[in-house]
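Visitor: I've got a model to look at and a handful of questions. Mind walking me through it?

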Amino acid sequence: MQNLKLIADEKELARQKEFLQRDREYTQELEAQLGRTPTYHVTNFGCQMNARDAEKLSGVLSEAGFTEAPDESADFVIFNTCTVRDNADQHFYGRLGRASHYKKSNPAMKIAVCGCMMQEKCNVDKLRRSYPYVDLIFGTHNLFRFPEYLCRVFENSQKYGASASARRVVDVWESTDLIVEDLPVERRYRYKSGINIMFGCNNFCSYCIVPYVRGRERSREPKEIIREIEKLAQDGVVEVMLLGQNVNSYGKDLEQPVTFADLLQEVAEIDGIKRVRFMTPHPKDIREDLLEVIAQHPNIARHVHFPLQSGSDRILKKMNRRYTKEQYIERALKIREMIPDVAITTDIIAGFPGEGPEDVDETIDVIKRVRFDNAYTFIYSKRTGTPAASMPQVPEEVVKEGFDRILSAVQESARNSTGALQGRVMTALAEEKNQQMDGYITGRLSNNTIVHFPGDESMIGKFYDVSLDDNKGFYYFGKALRENERGY
Ligand code: 5AD
Ligand code: SF4
């Protein structure tokens with residue numbers, strides 16, 4: 001079975017490479033017509049998975065001969081959408097509307113839309129009906145066909161002209177088991193990279209749209225992952241983030257099953273990889289073997305993102321999270337016990353159907369007992385087609401009250417744990433120039449805390465021991481004392 005699948009994956013890759021060759025020819029024609037190099041822009045919404053997909057879209061476009069433009073006035077604009085909460089949907093439609101204005105003054109411009117929102121039929125119908133200027137629509141399962149779609153967009157616009165609706169290319173798949181490796185990728189950062197280790201999610205938390213738009217869990221072969229990371233390391237990448245919706249399930253679906261702990265260990269031992277992060281473990285199946293691997297490898301980040309969602313047993317059950325409040329706390333405290341200096345961060349949803357003030361009290365109790373180092377608090381957003389959408393919803397003022405109480409508990413907790421680092425010397429990866437202050441670099445500690453320190457661009461991508469001098473609440477100002485080649 002697996003062999004047949006690998007053959008199918010390889011065949012598809014070869015097909016797409018041929019299309020990419022044709023894309024290059026079409027781009028050259030466009031260049032002659034415009035009298036300049038055609039430009040592209042990828043507008044990305046949502047999570048780390050989408051950020052990685054955006055790098056793949058950029059990779060194909062630059063390989064095809066486009067250069068990157070800073071905004072949506074480019075010749076080829078692609079929106080990589082997110083649908084996890086409603087505000088992402090609204091934001092996308094706003095941006096798409098604005099991009100259409102550029103098209104009026106640039107008839108050669110093409111607009112494409114892909115990503116999670118396109119896996120929902122209502123959104124594709126809406127684009128077909130009311131957004132005639134969209135040239136290409138595809139979903140999450142067939143992103144690897146982008147070179148082919150790009151080719152069809154060029155061909156259709158020659159065949160049908162720029163305005164006829166027949167020119168539009170639409171292809172959305174319900175699912176796939178193909179995993180196509182090795183298409184071009186344009187990395188956003190030269191020293192760090194995300195790596196997909198698996199796709200999809202089987203958990204069906206009752207509020208979440210992800211299992212419907214990203215499909216069932218599919219793991220990549222460990223040797224492919226290792227090969228990709230070794231190549232990145234040779235290319236100068238020092239930090240990798242392993243990405244999956246539920247990394248604890250990694251490898252269960254492979255012909256020769258592997259655990260996530262095994263994979264993480266192998267990655268941590270690759271030469272040149274000085275910091276390894278991962279996202280996201282599910283509290284229902286975090287195990288000691290994983291914590292042991294982290295504890296034994298100082299180059300695995302001292303940071304576990306551990307989504308709580310709610311501290312109320314009643315709500316957790318309705319969310320289909322499959323752990324209780326006490327189980328969650330016990331596991332979180334086990335993380336703290338086994339990995340000294342670890343930061344635990346979380347996601348919390350306020351206003352899930354049926355949530356009352358006493359449920360919020362339970363959530364706040366967890367925040368106090370686990371002492372989260374940071375947390376994202378989201379207002380529950382009703383997603384059509386999920387089980388929670390048909391449960392009785394909470395009135396807005398009750399949601400708001402709960403959200404505010406959770407937020408202040410989270411902020412107090414984050415302030416306390418950040419404050420506890422005052423005066424220490426810790427290792428930071430210099431990530432970028434500080435956006436606001438000239439002559440400053442923004443770095444990140446292994447535990448994910450941000451520290452700004454004087455420095456210049458030549459430091460980016462290197463590790464430094466930094467003194468954490470000035471606590472600003474959630475981040476620090478400090479000084480780089482010396483370079484730290486080891487990274488920890
Ligand atoms: N409403 C609000 N927050 C949600 N999340 C997922 N689905 C929803 C929803 N319908 C949050 C969860 C998850 C994070 C990525 O997004 O907290 O962990
Ligand atoms: Fe959504 Fe739950 Fe899967 Fe996370 S684990 S992606 S919250 S269904």
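Guide: Happy to. Keep in mind that this is a predicted model. Let's start with one ligand: an oxygen atom of ligand 1 sits 2.8 Å from an N or O atom in the side chain of Arg 85.

Visitor: How much of ligand 1 does the protein bury?
Guide: Besides Arg 85, an oxygen atom of ligand 1 is 2.7 Å from a polar side-chain atom of Gln 309. Asp 347 also has a side-chain N or O atom 2.7 Å from an oxygen atom of ligand 1. On its own the ligand would expose 400 Å², and the share of that buried by the protein is 85%.

Visitor: Which strands each supply at least two residues of the shell around ligand 1?
Guide: The shell includes Asp 347, Ile 349, Phe 378 and Ile 379, along with others such as Tyr 207 and Arg 383. Set those numbers against the strand ranges 343-350 and 374-379. The two strands are β13 and β14.

Visitor: How many residues of the ligand 1 shell are charged?
Guide: Six of the shell residues are nonpolar and two are polar. Arg 85, Asp 347 and Arg 383 are in that shell, and Arg and Asp count as charged. The charged group comes to three.

Visitor: And how many nonpolar residues surround ligand 2?
Guide: Around ligand 2 you'll find Cys 201, Cys 205 and Cys 208, as well as Phe 204, Tyr 207, Val 210 and Pro 211, among others. Cys, Phe, Tyr, Val and Pro go under nonpolar in this scheme. Three shell residues are polar and one is charged, and the nonpolar count is seven.

Visitor: Zooming out, what radius of gyration does the protein chain have?
Guide: The chain carries 13 helices and 19 strands. For 488 residues the globule rule gives 23 Å, and the chain comes close to that, so it is as compact as a globular protein of that length: its radius of gyration is 23 Å.

Visitor: What percentage of the residues are buried?
Guide: The C-alpha trace spans about 65 × 55 × 50 Å along its principal axes. The chain exposes about 21600 Å², with carbon and sulfur atoms supplying 49% of it. Taking under 20% relative accessible area as the cut-off for buried, the buried share of the 488 residues is 57%.

Visitor: What share of the contacts between residues at least 6 apart joins residues at least 24 apart?
Guide: For one pair that is separated in sequence, take Asp 465 and Tyr 488: they are 23 residues apart, with C-alpha atoms 8.5 Å apart in space. Across the chain, among contacts between residues at least 6 apart in sequence, those joining residues at least 24 apart make up 75%.

Visitor: Is Asp 465 buried or exposed?
Guide: Asp 465 is in strand β18 and touches residues including Val 425, Met 426, Lys 479 and Leu 481. Its side chain makes polar contacts with the side chains of Thr 427 (3.0 Å) and Asn 484 (3.0 Å). The relative accessible area of Asp 465 is 11%, and the cut-off is under 20%, so the residue is buried.

Visitor: Which side chain does the Ser 467 side chain make a polar contact with?
Guide: Ser 467 is also placed in β18, and at 8% relative accessibility it counts as buried. Beyond four places in sequence, Ser 467 is in contact with Arg 424, Val 425 and Phe 477, among others. The polar contact, at 3.1 Å, goes to a residue closer along the chain than those four places allow: Asp 469.

Visitor: Now the backbone oddities. Which residues does a cis peptide bond join?
Guide: Most peptide bonds are trans. Here omega is about 0°, and Thr 280 lies in the loop between β11 and α9. The bond joins Met 279 and Thr 280.

Visitor: What is phi of Asn 448 near?
Guide: Most residues other than glycine have a negative phi. Asn 320, in the loop between α10 and α11, has a positive phi near 60° and is partly exposed at 29% relative accessibility. Asn 448 lies in the loop between β16 and β17 and counts as partly exposed at 27%. Its phi is positive too, near 85°.

Definitions and conventions: Residues numbered from 1 in each chain as written. Chains lettered and ligands numbered in written order. Predicted model: local features only at pLDDT ≥ 70, side-chain atom pairs only at ≥ 80, totals over all residues. Heavy atoms only, no water. Near = heavy atom within 4 Å. Polar contact = N/O pair within 3.5 Å; in protein donor to acceptor, adjacent residues only side chain to side chain. Areas by Shrake-Rupley, 256 points an atom, 1.4 Å probe, with all protein chains shown as cover. Helix = DSSP H or I, 4+ residues; strand = E, 2+ residues; numbered from the N terminus. Rg over C-alpha atoms; globule rule 2.2 N^0.38 Å. Buried < 20%, exposed > 50% of the residue type's maximum accessible area, 1.4 Å probe, protein only. Contact = heavy atoms within 4.5 Å.
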